[in-house]
Amino acid sequence: MTPQAWLALSPESLRPMVLKPANALRMGNAVVVKPSEYTPLSVMGLVEVLNTVLPEGVLSVVSGGGEVGAALSTHEAVGKIMFTGSTATGRKIAESAADTVKRVTLKLGGNDAGIVLDDVDPKAIAEGLFWGAFINTGQTCAALKRLYVHDSVYDEVCAELAGLAVNMPMGPGMNESNVLGPLQNQMQFDIVDKLVTAAKDSGATVLLGGDPDYDAPGYFFPTTLISDIDPQNPLVVEEQFGPALPIVRYSDLEDAIAMANSLEVGLGASVWSGDRDRAREVATRIEAGTVWINSHGGVDPRIPFGGIKQSGYGVEFGEAGLKSLGVPQVING
């Protein structure tokens, strides 16, 4: 495997910053990181720390807006691009990389589905469902963003989730008792607010939250659970990327699988069941790069991770991810 100049573009701050360059550096590449214009300081601080032990020039960071990313993605010295972010931006990167035929790995929008089967213990799965949806206040590409629950356990699952969520404190991170924080910026706050308002206007039931304090400091959107919502409501079919979970009722498993597969994205998904074999059978029918059983969103650096459909292409992590960060060369003779 021949090392190459390598570029990481990512709007999700430190998590991809740690995961992507670590593997690229391990494969012998020089790395340039371009953080989101919304989260530059934390990434720049981490690069500064890493550069206290790395050889000079191996790891660099450049900050700025989309024009900086565009310049980097067309630069002749860059041999590989890895991007985490929206599908729209991913398309632009793929287009700009085509002129110089760069290798590209794209991890794009998700809107992950979860399917709860009729044989679950609602109390036993409530905490896993909650953290699958609300880790990092829902601001994770592989968070659980739409939940389909069988009619026979629907009310119990909703009640257990609401009972757990109401006791999860949200507030400034300097207070160690808080486990949920704010949305990252005003734009994202407005997106979540718009989608939740659309759900409320449609007549869906607000189990918890839904009414932010617009005058309070910070972009804190309350933990929100919406039940009895139409499967085609914008809160279900558009990625909210925030602390609002729509819970859709179903009675036929075939319908639930069809709804889970109906969108153009396919990053992650999950199946929740008391019967692991049954869950695995359902999982094989879901169109997603990763399907978790009785959990959601756990990423292991030993296991390849990536999306299908318009959630991107290529994988990170595992042997396959490492190999994608080099160029095969055959010396014959």
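The radius of gyration of the chain, taken over C-alpha atoms, is 21 Å, which agrees with the value near 20 Å for a compact globule of 333 residues; the globule rule is 2.2 Å times the number of residues to the power 0.38. The model is predicted, so that local features need pLDDT of at least 70 and side-chain atom pairs count only at pLDDT 80 or more, while totals for chains, interfaces and linings use all residues. Residues are numbered from 1 along each chain as its sequence is written, and side-chain values use heavy atoms, with hydrogens and water left out.

Along the principal axes, the C-alpha atoms fill a box of roughly 65 × 50 × 35 Å. The chain contains eleven helices and 15 strands, defined as DSSP runs (H or I, at least four residues, for helices; E, at least two, for strands) and numbered from the N terminus. Of the 333 residues, 48% count as buried; buried denotes under 20% relative accessible area, exposed over 50%, and partly exposed the range in between (1.4 Å probe, protein chains only). Among contacts (heavy atoms within 4.5 Å) with a separation of 6 or more, 68% are accounted for by residues 24 or more positions apart. The chain exposes about 15300 Å², of which carbon and sulfur atoms supply 55%, by the Shrake-Rupley method with a 1.4 Å probe.

The chain carries 23 positive and 39 negative charges, whose mean positions are 8 Å apart. Lys and Arg count as positive and Asp and Glu as negative, without His and the chain ends; each charge is placed at NZ of Lys, CZ of Arg, CG of Asp or CD of Glu. A search of the whole structure yields 13 salt bridges, each a side-chain nitrogen of Lys or Arg within 4 Å of a carboxyl oxygen of Asp or Glu. One of them joins Glu316 to Lys20, with the closest N and O atoms 2.9 Å apart. Because Glu316 lies in the loop between strand 15 (312-313) and helix 11 (318-323) and Lys20 in helix 1 (residues 14-26), this pair ties together parts that are 296 residues apart in sequence. Both Glu316 and Lys20 are buried.

A salt bridge also connects the side chains of Arg278 and Asp118 (2.8 Å, N to O). Arg278 belongs to helix 10 (residues 276-283) and Asp118 to the loop between strand 6 (112-116) and helix 5 (122-134), so the pair ties together parts 160 residues apart in sequence. Arg278 is partly exposed, with a relative accessible area of 31%, and Asp118 is likewise partly exposed, at 33%. Salt bridges that share partners join Asp151, Asp155, Asp228 and Arg249 into one network.

Asp228 lies in the loop between strand 9 and helix 8 and is partly exposed, with a relative accessible area of 41%. Its phi is near 50 degrees, a positive value in a residue other than glycine. Most residues other than glycine have a negative phi. A positive phi, of about 60 degrees, also occurs at Asn111, in the loop between strand 5 (103-107) and strand 6; Asn111 is buried, with a relative accessible area of 3%.

Ile229 is placed in the loop between strand 9 (224-227) and helix 8 (234-237) and is buried, with a relative accessible area of 6%. Not counting residues up to four places away in sequence, Ile229 touches Ala199, Ala204, Leu235, Val236, Pro246, Ile247 and Val248. The C-alpha atoms of Ile229 and Ser202 are 8.0 Å apart, although the two residues are separated by 27 residues in sequence.
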